[in-house]
2 protein chains.
Amino acid sequence: MSSERSACQQGLQPAHCTGCHHLDTCDATGRGAEALLGLRQIVQRVALVGDGEYLYRPMTPFRAIYAVRSGMAKSVALDASGREQVLDFHLPGEWFGLDAIGLDHHENAVISLGRTQFCRFPIDALMALGSREPAVQWHLMQVMARQIRHRQLRSGDHPSDVRMAAFLIDLSDRRAALFLDARHLPLPMQRTDIANHLQLAPETVSRLLTRFRGQGLIGIDRQGVTLLDGVTLRRLGCQVLEAA
Amino acid sequence: MSSERSACQQGLQPAHCTGCHHLDTCDATGRGAEALLGLRQIVQRVALVGDGEYLYRPMTPFRAIYAVRSGMAKSVALDASGREQVLDFHLPGEWFGLDAIGLDHHENAVISLGRTQFCRFPIDALMALGSREPAVQWHLMQVMARQIRHRQLRSGDHPSDVRMAAFLIDLSDRRAALFLDARHLPLPMQRTDIANHLQLAPETVSRLLTRFRGQGLIGIDRQGVTLLDGVTLRRLGCQVLEAA
DNA sequence: CGACTCTTTGATCCTGATCAACACCGGTGG
DNA sequence: CCACCGGTGTTGATCAGGATCAAAGAGTCG
């Protein structure tokens, strides 16, 4: 809501993956697979995006897909009636923006949560690379297929506590896959974002977290939550999640 | 529920797209685009699948992706607790099964609604074709991207009547795109399938259809519904749908 | 015709939304 | 340093949309 300039076209630099903390676990650059090393040649770095600022928004021309380099971001759709829908939260190394493939503009927005750095993969460079090296295209397709499956899993309707538990466990698992601390989950987004994403009222999110704390499942502090009883939490949430 | 043999590996024949009713509108064979004609060389035809029979199910090895040739089918996920979730209904020419790309087995089931014919695209032939002809891979990616967007649209939470209206309008629009009758919608699936898909109780589906009929929006007969006031229905449902 | 399944209709209940008030924290300016 | 303020999060009270329970009606197939 604060400043609303679009960072999309500004401050692009050729990036050096060397030295990136997430090099080994970065989906966007293929986790170091031989045939995908070309991805590291075409990546650009986007200037730091401040809290609440847009990386892109609906109708922004579709020129590139992105990954988080450091920080966290959310994808938001604006439906016909103007109401926001938080689609996803993005962690470092996770690709997003692939949903605009085949269009000439993005259909939803990506907004930084806290100060975030992004990596940018220009779509024309990606196409050129993919034509030379089919493995790149298959990699993209695998990422997209995983996104479809991830979304399929959440398409069931489950009680609010199950959804909340699944959300926390999912975040924890994704952090584990990035070799980040899977016990302590920073939640830089607002409660209303979590609520919106889980299709709950903010009040309900608050109540559920309080209840989970009362049950000794989690600890809560200003920056996020700490998982205290991951086993029970997972048993609750696994009514919706399977192994990704 | 009836017979449960898997038709996946049986009765495969080289197909001839020539003569297929949906040749011009078939997403799976690229709507006749030059660079995608190779798709018509690798397609196979699957033996007729009877009502309620499985085309594939979870844990079926992932060997091919499919399209409906004639009839209708549903995709169903079985979540951890064994409860079914109807993910999608498939119309002729619509590709499905792409969500298993990158895995060695399918994660959900496809079940025939009525007697249905399927086209089969073996994944190894598809990969070979895609390596020779990058346009094929881009086409696949565009189809997947469209599926992601389609799913994003439905991820908001809307009142039951909006969801129902959106469902009917979506079906109608997809039929129009296939040059099928967009006013009369055959609904070969059970009410429980529609309910499950829309995350409603079967009773609610029944009540909503009855209410819509009372408002003069639709007519109901045994094989499906007829749209009588598409404008009002669309205004209701467009709170969730945008142009695909 | 009769058994069965699917759908429709009616009555009641419950989860989570909404409305409302308060607590907390960070920042700003006196 | 502290009072004030706005935004965010928590807690409580009430309400309603849709689920559930229950039963009857309508097709379908043997």
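A phosphate oxygen of DNA strand C is 2.4 Å from an N or O atom in the side chain of Thr204(A), a polar contact being a pair of N or O atoms within 3.5 Å; within protein, one must be able to donate a hydrogen and the other to accept it, and residues adjacent in sequence count only if both atoms are side-chain atoms. The model is predicted: local features need pLDDT of at least 70 and side-chain atom pairs count only at pLDDT 80 or more, while totals for chains, interfaces and linings use all residues. Residues are numbered from 1 along each chain as its sequence is written, chains are lettered from A and ligands numbered from 1 in the order in which they are written, and side-chain values use heavy atoms, with hydrogens and water left out.

Further contacts to the two DNA strands are listed here.

| Residue | DNA atom | Distance |
|---|---|---|
| Arg191(B), polar side-chain atom | phosphate oxygen, strand C | 3.0 Å |
| Ser206(B), polar side-chain atom | sugar or linking oxygen, strand C | 3.0 Å |
| Gln190(A), side-chain N or O | phosphate oxygen, strand D | 2.9 Å |
| Arg207(A), side-chain N or O | base nitrogen, strand D | 2.9 Å |
| Ser160(B), backbone N or O | phosphate oxygen, strand D | 2.6 Å |

Around DNA strand C there are 15 residues, and Ser160(A), Thr204(A), Gln190(B), Arg207(B) and Thr210(B) come nearest; a residue is near a strand if one of its heavy atoms lies within 4 Å of it. Sugar or phosphate makes up 65% of the strand C atoms within 4 Å of the protein, and bases the rest. α6(B) gives the most to this surface, with four residues; helices are DSSP runs (H or I, at least four residues), numbered from the N terminus.

DNA strand D is also surrounded by 15 residues, the closest being Gln190(A), Arg207(A), Thr210(A), Ser160(B) and Thr204(B). Sugar and phosphate account for 66% of the strand D atoms that come within 4 Å of the protein. Here α6(A) gives the most, with four residues. At least two residues of the surface near strand D come from α6 (202–214) of chain A, and at least two from α6 (202–214) of chain B.

Chain A superposes on chain B by a rotation of 180° with 0.0 Å of shift along its axis (RMSD 0.0 Å), using least squares on the C-alpha atoms of residues with pLDDT of at least 70 in both. The two copies are thus related as by a two-fold rotation axis. Of the interface residues of chain A, 100% are also interface residues in chain B, so the copies meet through the same surface; contact means heavy atoms within 4.5 Å.
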